[in-house]
Amino acid sequence: MLNWLVTVLGIFICVPLLLFMAAPYIRRYVAGGVCKSTAKLNGKVVVITGANTGIGKETARDLAQRGARVIIACRDMAKGEAAACEIRAETGNQQVIVKKLDLAHTKSIREFAENFLAEEKELHILINNAGVMLCPYSKTADGFEMHLGVNHLGHFLLTFLLLESLKQSAPARIVNVSSLGHHGGRIRFHDLQGEKCYNWGLAYCHSKLANVLFTRELARHLQGTGVTANSLHPGSVYSELVRHSILMTLLWKTFSFFLKTPREGAQTSVYCAVAEELESVTGQYFSDCRPAYVSSQGRDDELAKKLWNVSCELLGIQWD
């Protein structure tokens, strides 16, 4: 009995001690890759969707620090203005602007693009960062399932509308924030809107696969234009993205030590946007600031072409 008590006490003392000693190494591993580029962006114009919070906000902060004119495109103008004010104060860069953009409404996307093109002469970096995750079944204003509509179709349309500005400003870059979750995704053309069968976790994965396929086909369309397109996995980040799930919110809070901070999660987005070695790299997928493995579905060129055509049909656009 005494030996058992000694063993139990030893475990209760040693395990926390070992975790405490290992904490710096665990955090360093969790943090992942860091963008080491010192590139300056003075005179460059950047649009970042959903940059009022999370990794989008940290990406905006980094690029503003490099001297870029950063346009925060978001739905919540109050949060956007608060984020912009904070970034301007910290970086000294007064060229951090907030513009209204609701990716769940094609009218809002078109209005944003129209206003942007009327006010800005150039666009050098477009970061399609905004997203929704684990939403109960719902549809956008245009009748698209929410994950597909916001995460894929909204950014598809935005990129289409801003593409000529990117081409005229070349060299330019398009960065699509996807996820490791794309490995669990499938493009279910027979039930694209999830009306027959819906699972909020899988719906997110499907939309993240769509991001990868869109990037792949977009890169093919952009060959020879001086505009590159790459996608990325930011890592498991402690952010507001899981706000629609009480369970995931609790898990995120409980295990926050093992999750990336938003600043750590933004590193690969920044890397894809500024790294000199990626100047001519296109159609690739990154994680922790280095190339990462793409699922077999994500490498299917025929699937990418079909999704492209279906997306054009759904949005009522012609993009050859």
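A residue counts as partly exposed when its relative accessible area lies between the buried class, under 20%, and the exposed class, over 50%; R216, at 28% relative accessibility, is therefore partly exposed. The structure is a predicted model. Its chain comprises 10 helices and eight strands, and of its 320 residues 52% count as buried. Among contacts in the chain with a separation of 6 or more, 77% are between residues 24 or more positions apart.

**Salt bridges**

- The count of salt bridges comes to 14.
- One of these joins the side chains of K139 and E195, with an N to O distance of 2.5 Å. K139 lies in the loop between β4 (125-128) and α5 (146-168), and E195 in the loop between β5 (172-177) and α6 (200-221), so this pair ties together parts that are 56 residues apart in sequence.
- The partners in that bridge fall into separate accessibility classes: K139 is partly exposed at 37% relative accessibility, whereas E195 is exposed at 56%.
- A salt bridge with an N to O distance of 3.7 Å links the side chains of K167 and E164. Both residues belong to helix α5, where they are three residues apart and thus separated by about one helical turn.
- K167 is partly exposed, with a relative accessible area of 31%, and E164 is likewise partly exposed, with 48%.
- D301 and R216 form a salt bridge in which the closest N and O atoms are 2.6 Å apart. Because D301 lies in helix α10 (residues 301-315) and R216 in helix α6, the pair ties together parts that are 85 residues apart in sequence.
- D301 is partly exposed at 39% relative accessibility, and R216 is partly exposed at 28%.
- Salt bridges with shared partners join K57, E58, R61, E86, E90 and R263 into one network.

**Nonpolar cores**

- The largest nonpolar core contains 40 residues, and F112 and W319 have the most contacts inside it.
- Two or more residues of this core come from each of β1 (45-49), β2 (69-74), α4 (106-119), α5, β5, α6, β6 (227-233) and α10.
- Helix α5 gives the most to the largest core, contributing 11 residues.
- Leaving out residues up to four places away in sequence, F112 touches V47, I71, A73, K99, K100, L101, L158 and L162.
- A second, separate core has 33 residues, among them C35, A84, I127 and V177.

**Buried positions in helix α5**

- H152 lies in helix α5 and is buried, with a relative accessible area of 1%.
- Beyond its neighbours up to four places away in sequence, H152 touches H147, A210, N211, F214, L307 and S311.
- G154 is also found in helix α5, where its relative accessible area of 3% makes it buried.
- Apart from neighbours within four places in sequence, G154 is in contact with L103, I109 and G149.
- The C-alpha atoms of G154 and F144 are separated by 9.9 Å, the two residues being 10 residues apart along the chain.

**Helix α9 and the second largest pocket**

- Helix α9 (residues 267-274) is largely enclosed by the rest of the structure, because eight of its eight residues are buried.
- The buried residues of α9 are Q267, T268, S269, V270, Y271, C272, A273 and V274.
- The second largest pocket holds about 270 Å³ of space.
- This pocket is lined by 14 residues, of which L41, K44, R173, A273 and V274 are the closest to its centre.
- The elements that give two or more residues to the lining of the second largest pocket are β5 and α9.
- By residue class, the lining of the second largest pocket divides into seven nonpolar, two polar and five charged residues.
- A273 and V274 thus appear in two settings: they are among the buried residues of α9, and they are also among the residues closest to the centre of the second largest pocket.

Methods. Residues numbered from 1 in each chain as written. Predicted model: local features only at pLDDT ≥ 70, side-chain atom pairs only at ≥ 80, totals over all residues. Heavy atoms only, no water. Salt bridge = Lys/Arg side-chain N within 4 Å of Asp/Glu carboxyl O. Helix = DSSP H or I, 4+ residues; strand = E, 2+ residues; numbered from the N terminus. Buried < 20%, exposed > 50% of the residue type's maximum accessible area, 1.4 Å probe, protein only. Core = buried A, V, L, I, M, F, W, Y, C linked by side-chain atoms within 4.5 Å. Contact = heavy atoms within 4.5 Å. 1 Å grid on protein atoms, 1.4 Å probe; cavity = no way out; pocket = protein on both sides within 12 Å on 5 of 7 lines; lining within 4 Å. Points joined across faces, edges and corners; volume = space filled by probe spheres on them. Nonpolar A, V, L, I, M, F, W, Y, C, P; charged D, E, K, R; others polar.
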